[in-house]
Amino acid sequence: MNRIVGLGGLAMSLIALAMGIFVLFGGRVQDGDTTVPAGERTFYMTGLEYKGSTSTKDLPAPPVAPNKIGDGYRYKPPGEADKGDPTKWEVSTYRWEPGLLQVFRGDKVSLVGFIVNGDHHKVWIEDPKGQVVVKEQDWQRGREYKASFVADKVGYYKIHCDEHDPSMTGYVLVTPR
Ligand SMILES: [Cu+2]
């Protein structure tokens, strides 16, 4: 009987010790916790092009040319996509990867951009009220760029590309600390 009580006491002590360690360390070290102080957040973003093609034998060409829907969509109709195959058609779109980031109000956000696809991107950033926080810059393929701003407003900051609007838009969601 004494032995069982002793083991029970030891187990309780171990649980209490584990809970103490969690309270001391586990509850504080995780990024995203409200105890994390304001600081610089650096994110790496890549400018990419997604591309796909098929044949009119498998699927008719779209009734509305995708490039008429938005500048971010590109389209090569049958006869243009492949001179040797008049049935082939191709679509593509430009995107940021990742397309959504999250920070807390007051954080300094630094976006490090690298362009893999597309020779030129006209990049600028606006805050949730529509104010420009980073002026338009020409981001070119194979170069790395850095854009920084202080996220002092709650809501979505938008990373635009005038060359491929509106679908090449990235978002930084700012939440209260
Ligand atoms: Cu672009």
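What pattern does the chain follow when read along the sequence? In this predicted model, the answer is α-β-β-β-β-β-β-β-β-β-β.

**View 1. The whole chain, one helix and 10 strands.** Start here to get your bearings before zooming in. The helix comes ahead of the strands in the pattern α-β-β-β-β-β-β-β-β-β-β. The chain has 177 residues, and 16% of them count as buried. If you look at contacts between residues at least 6 apart in sequence, 66% join residues at least 24 apart.

**View 2. An open sheet built from five strands.** Going across, the order is β2-β3-β1-β5-β8, and the pairing is mixed. At the edges sit β2 (73-76) and β8, each of which pairs on one side only. Neighbouring strands in this sheet are turned by 20° against each other on average, direction ignored. As a general reminder for reading such a view, side chains in a regular strand alternate between the two faces of the sheet.

**View 3. Strand β5 meets strand β8.** Now move in on β5 (residues 108-115) and β8 (residues 144-150). These two run antiparallel, and seven bridges hold the pairing together on paper. For a landmark, find Val112, which stands opposite Lys146 in β8.

**View 4. Glu144 in strand β8.** Is Glu144 buried or exposed? Glu144 counts as exposed, because it has 10 C-beta neighbours inside 10 Å, and the cut-off for exposed is 12 or fewer. Leaving out residues up to four places away in sequence, Glu144 touches Val112, Gly113 and Phe114. Take Gly113: it is 31 residues from Glu144 in sequence, yet their C-alpha atoms are 5.6 Å apart in space. Val112 turns up here too, as the residue opposite Lys146 in the β5 and β8 pairing.

**View 5. Strand β9 and its partners β6 and β10.** Which strands does β9 (residues 155-161) join? One is β6 (residues 120-126), linked to β9 by four bridges. The other partner shown is β10 (residues 170-175), linked to β9 by five bridges. β6 and β9 run antiparallel, and so do β9 and β10. Two residue pairs help you find your way around: Glu126 stands opposite Lys158 in β9, while Tyr156 stands opposite Leu173 in β10.

Terms used
Residues are numbered from 1 along each chain as its sequence is written. This is a predicted model: local features need pLDDT of at least 70, side-chain atom pairs count only at pLDDT 80 or more; totals for chains, interfaces and linings use all residues. Two strands pair if DSSP finds at least two bridges between them. A residue is buried if 20 or more other C-beta atoms lie within 10 Å of its own, exposed if 12 or fewer, and partly exposed in between; C-beta atoms are placed from the backbone. Two residues are in contact if their C-beta atoms, placed from the backbone, lie within 7 Å. Axes are lines fitted to C-alpha atoms, for helices over the stretch in contact, and angles run from 0 to 180 degrees between N-to-C directions.
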